[in-house]
Amino acid sequence: MSYTPPSCLPEESPATWLTPIPANLDYSFGLPAGAYCLAMARAVVGRLLTDHGLPDMSEIGTFAASELLANANQFTPGRNANLSMRWRFGVLRLTVFDEHPAHSRRAQQACQARRREALSMLDAVVGACGGIVGLDDAGGPLAGSKMWVAISREAARTYAAL
């Protein structure tokens with residue numbers, strides 16, 4: 001008697017796996033230190049959103065990615081950053097992890113306040129459109145900071161109408 005395990009592959013056809021659609025928008029990539037990466041990141045984010053059938057998310061997505069990465073570059077100069085893009089449950093999530101060094105508790109609170117202030121324009125615009133902006137310690141053994149936005153299609157439509 002031989003055992004045949006159930007397939008671990010999705011039931012969709014292989015052609016679906018190879019076609020960029022919103023459901024498979026799931027990218028993460030590292031960016032070398034330097035402000036020159038901001039223009040490249042904007043171009044990549046815009047292209048990926050368009051190629052995955054989310055061109056209406058491109059304008060606010062590139063704005064958000066640029067602001068998050070500019071913050072990482074400003075507060076962690078000379079250190080790499082990581083950008084993650086995912087489309088889940090009708091929401092675009094952009095997350096930037098940076099290599100911000102750890103501080104004492106008091107210095108950490110002051111630094112977080114300065115970083116939040118630097119993200120205030122992004123927070124105001126995304127918040128006015130119905131999205132969310134966040135900033136926190138990345139946690140874990142690597143330390144650093146984590147910044148993110150969560151933006152629905154409705155938020156993108158609101159942004160486009162501004």
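**Exercise 1.** Which helix gives the most to the lining of the largest cavity?

*Solution.* The model examined here is predicted. Begin with the search of the whole structure, which finds one cavity of 30 Å³ or more. The space in the largest cavity amounts to about 100 Å³. Next, consider the lining: 13 residues form it, and Pro32, Gly34, Leu69, Asn73 and Ala81 are those nearest the centre of the cavity. Two helices, helix 2 (37-51) and helix 3, each supply at least two residues of this lining. With three residues, helix 3 gives the most.

**Exercise 2.** Determine how the residues lining the largest cavity divide into nonpolar, polar and charged.

*Solution.* Sort the lining residues of the largest cavity by class. Eight are nonpolar, four are polar and one is charged.

**Exercise 3.** Establish how helix 3 and helix 6 are oriented to each other, and identify the residues through which they meet.

*Solution.* First, locate the elements: helix 3 covers residues 58-75 and helix 6 covers residues 153-161. Second, take the geometry of their packing, in which the angle is about 90° and the axes lie 8 Å apart. Third, apply the cut-off: angles of 65 to 115 degrees count as roughly perpendicular. Helix 3 and helix 6 are therefore roughly perpendicular to each other. Fourth, list the residues in contact: helix 3 contributes Glu59, Ile60 and Phe63, which meet Ala155, Ala156 and Tyr159 of helix 6. Finally, classify the residues of this contact between helix 3 and helix 6: five are nonpolar, none is polar and one is charged.

Key:
Residues numbered from 1 in each chain as written. Predicted model: local features only at pLDDT ≥ 70, side-chain atom pairs only at ≥ 80, totals over all residues. Heavy atoms only, no water. Axes fitted to C-alpha atoms, helices over the stretch in contact; angles between N-to-C directions. Helix = DSSP H or I, 4+ residues; strand = E, 2+ residues; numbered from the N terminus. Parallel < 35°, antiparallel > 145°, perpendicular 65-115°, else oblique. Contact = heavy atoms within 4.5 Å. Nonpolar A, V, L, I, M, F, W, Y, C, P; charged D, E, K, R; others polar. 1 Å grid on protein atoms, 1.4 Å probe; cavity = no way out; pocket = protein on both sides within 12 Å on 5 of 7 lines; lining within 4 Å. Points joined across faces, edges and corners; volume = space filled by probe spheres on them.
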